[in-house]
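Dear colleague,

Please find below the structure that I am handing over to you. I should be grateful if you would look through it alongside the notes that follow.

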Amino acid sequence: MCGIVGYVGSGDTLLVLLEALEKLEYRGYDSSGVALIEDGKLFIEKKPGKIRELIKSLWGKKTSAKAGIGHTRWATHGQVCELNAHPHSDSKGEFAVVHNGIIENYRHLKEQLLAKGIEYRSQTDSEAIAHLIALNYKGDLLEATHKVTKMLEGAFAFAVLSTHEPERIVAFRRSSPLVVGLGEGENFLASDIPALLPFTRRVVPLSEGELVDLRPDGVSIYAEDLSPITREVMYVQWDVISAEKGGFKHFMLKEINEQPRVVSETIRGLISRESELPNLADFRRVIFVACGTSLHSAMIAKHWLSRFQKIPSEVYHASELRYSDEPISSQDLVIAISQSGETADTRFAALSAKERGATLLSIVNVVGSALDRESDFSLYTHAGPEIGVAATKTFIAQLSALYYLSTYNDQKLRQKLSLIPALIEEVLTLSERIKALSPELSSTKSALYIGRYLNYPIALEGALKLKEISYIHAEGLPAGEMKHGPIALIDEKTPVFAIAVQDRVYEKMLSNAEEVLARRGKLISVGFKGDEKLQSLSKYAIEIPKTDEYLTPFITIIPLQLLAYFIADHLGLDVDQPRNLAKTVTVE
Ligand code: M6R
């Protein structure tokens with residue numbers, strides 16, 4: 001999973017590419033590179049490491065190039081090194097390619113290329129595309145690219161540049177995102193919309209199997225059979241500033257603090273689309289598919305659906321549904337939840353359920369994303385661009401959308417959502433107190449998070465936040481499961497985060513807290529304000545405002561997000577771009 005950018009026009013090609021690449025760094029950041037056509041020759045610069053390494057090496061470079069492509073990489077084939085970084089070129093240096101995704105049949109293609117005596121320099125699947133285009137080029141880049149797309153298998157997007165046509169870029173997408181940005185006398189290409197916002201707000205997301213031909217004076221889009229396509233231009237309303245840090249040290253902290261606003265905006269957006277939603281009562285059951293944080297919001301929604309609608313539901317790790325024998329029919333509603341709307345596991349699971357007859361409703365944050373376009377119905381979360389790799393505000397936005405959906409026939413329950421922004425604001429005032437715990441907790445080697453019922457998924461989410469940004473091992477558990485094994489892990493060094501609000505499982509949670517104490521564990525609780533019983537068991541008690549049991553996940557997660565953030569920051573780690581991760585995982 002990588003980020004692609006492209007530019008054609010008479011602006012500063014290099015500056016545009018580098019600025020757009022910086023916005024895409026969240027998609028992968030182990031190496032980056034650019035290719036330009038200068039005086040009829042291909043210029044390529046690439047560097048391992050973050051994009052600032054590329055910027056340093058190009059510092060002061062002037063160029064008259066009228067077209068260029070760029071890439072930020074998250075390795076799938078081949079280790080991280082300059083040779084494997086993109087752009088890749090053909091043997092004569094006439095064609096350059098940037099690629100996102102996986103070419104599944106590349107070994108076979110590589111063998112064919114080697115048999116033709118072509119020198120294959122990198123360990124990537126991407127290099128094959130450059131050689132194939134060179135072999136098939138007969139004077140028209142679009143035609144050559146089109147021919148090559150027929151030879152490639154897998155899920156990918158790529159863009160090509162050629163010395164033969166120095167003011168032209170041709171690109172293609174199959175299951176990986178690609179968006180065109182329209183300018184005046186210049187045009188842009190990127191893997192997502194935020195990368196285009198510094199330059200234009202007029203965008204066209206490419207659909208499955210589409211090719212695009214970019215020149216300074218126009219853009220043409222073609223279907224897989226090369227028939228021309230007319231597409232509506234989308235005008236993006238997002239504020240560029242909202243994609244910047246807004247005074248916070250990290251995007252993650254800014255995004256945590258944005259959550260009260262995100263709930264309100266998501267609700268507003270949902271109200272405006274009410275009439276476009278499917279009727280849940282028309283379905284026999286709901287199947288949720290999602291990954292990571294989005295899966296945790298699905299787990300909470302399952303309880304809401306059972307309680308408020310009496311509709312049976314299943315929650316599937318997206319990566320497990322596609323290859324399962326789960327009987328799915330037209331009586332099922334599949335709800336696919338994804339911040340990016342580009343997560344390959346989620347998309348492919350949702351599509352496979354759709355093929356088996358289900359109706360597909362997606363809940364996405366990125367309007368125009370692949371999942372959005374592939375779905376029968378879509379709900380948008382209106383969280384704005386989320387830059388931190390650790391999902392925070394989009395989780396709260398997903399919960400808002402799911403609660404809204406689950407209470408569709410009960411206005412009284414629905415209106416309770418309006419209480420959430422103020423409750424979150426109140427929890428955010430605890431930031432300094434939570435920060436004060438971080439020096440002690442950052443020396444932890446392993447932590448447990450326990451919860452029950454609606455707050456078991458919150459235990460999972462709290463543990464996920466800690467492990468992904470602080471690299472501390474953390475496990476989320478249904479508290480009742482502790483005695484079946486995990487309790488053996490507890491000793492005086494193990495912090496146990498217990499979410500114990502006064503709900504239907506409160507007494508049980510108190511017993512679990514006692515079990516922790518009996519093993520000399522360090523209990524850190526998240527409970528309602530004034531709960532003296534819980535406080536007496538806790539080494540540290542984080543007190544949140546009282547609310548209805550159904551609403552508690554909206555606020556119990558906030559201290560756990562803050563804790564993970566402050567621990568990682570105390571450790572001096574790269575909070576927004578943790579190692580080995582990428583914001584959007586577009587490979588299976
Ligand atoms: O874009 P998606 O919601 O589909 O992403 C799913 C997961 O990759 C994502 O939630 C991931 O687990 C986050 N890094 C969690 O913070």
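The notes below go from the overall form of the protein to one of its sheets.

Please bear in mind that this is a predicted model.

The protein contains 19 helices and 25 strands. Its radius of gyration is 25 Å, close to the 25 Å that the globule rule gives for 588 residues, so the protein is as compact as a globular protein of that length. Along the principal axes, the C-alpha atoms fill a box of roughly 80 × 50 × 45 Å.

As for the interior, 63% of the 588 residues count as buried, that is, they have under 20% relative accessible area. Where contacts link residues at least 6 apart in sequence, 72% of them join residues at least 24 apart.

Turning to the surface, the accessible area of the protein is about 21900 Å², and carbon and sulfur atoms account for 50% of it. The protein carries 66 positive and 76 negative charges, and the mean positions of these two sets lie 3 Å apart.

One sheet may be of interest when you inspect the fold. It is an open sheet of seven strands with antiparallel pairing, in the order E5-E6-E7-E8-E12-E13-E14. Strand E5 (88–89) and strand E14 (228–229) form its edges, each pairing on one side only. Within this sheet, strand E7 (residues 154–162) pairs with strand E8 (residues 165–174) in the antiparallel sense, over six bridges. Val-160 stands opposite Val-170 in E8.

With kind regards

Terms used
Residues are numbered from 1 along each chain as its sequence is written. This is a predicted model: local features need pLDDT of at least 70, side-chain atom pairs count only at pLDDT 80 or more; totals for chains, interfaces and linings use all residues. Side-chain values use heavy atoms; hydrogens and water are left out. Helices (H or I, at least four residues) and strands (E, at least two) are DSSP runs, numbered from the N terminus. The radius of gyration is taken over C-alpha atoms; the globule rule is 2.2 Å times the number of residues to the power 0.38. Buried means under 20% relative accessible area, exposed over 50%, partly exposed in between (1.4 Å probe, protein chains only). Contact means heavy atoms within 4.5 Å. Accessible areas come from the Shrake-Rupley method with a 1.4 Å probe; for residues, only the protein chains shown count as cover. Lys and Arg count as positive and Asp and Glu as negative; His and the chain ends are not counted. The place of a charge is taken as NZ of Lys, CZ of Arg, CG of Asp or CD of Glu. Two strands pair if DSSP finds at least two bridges between them.
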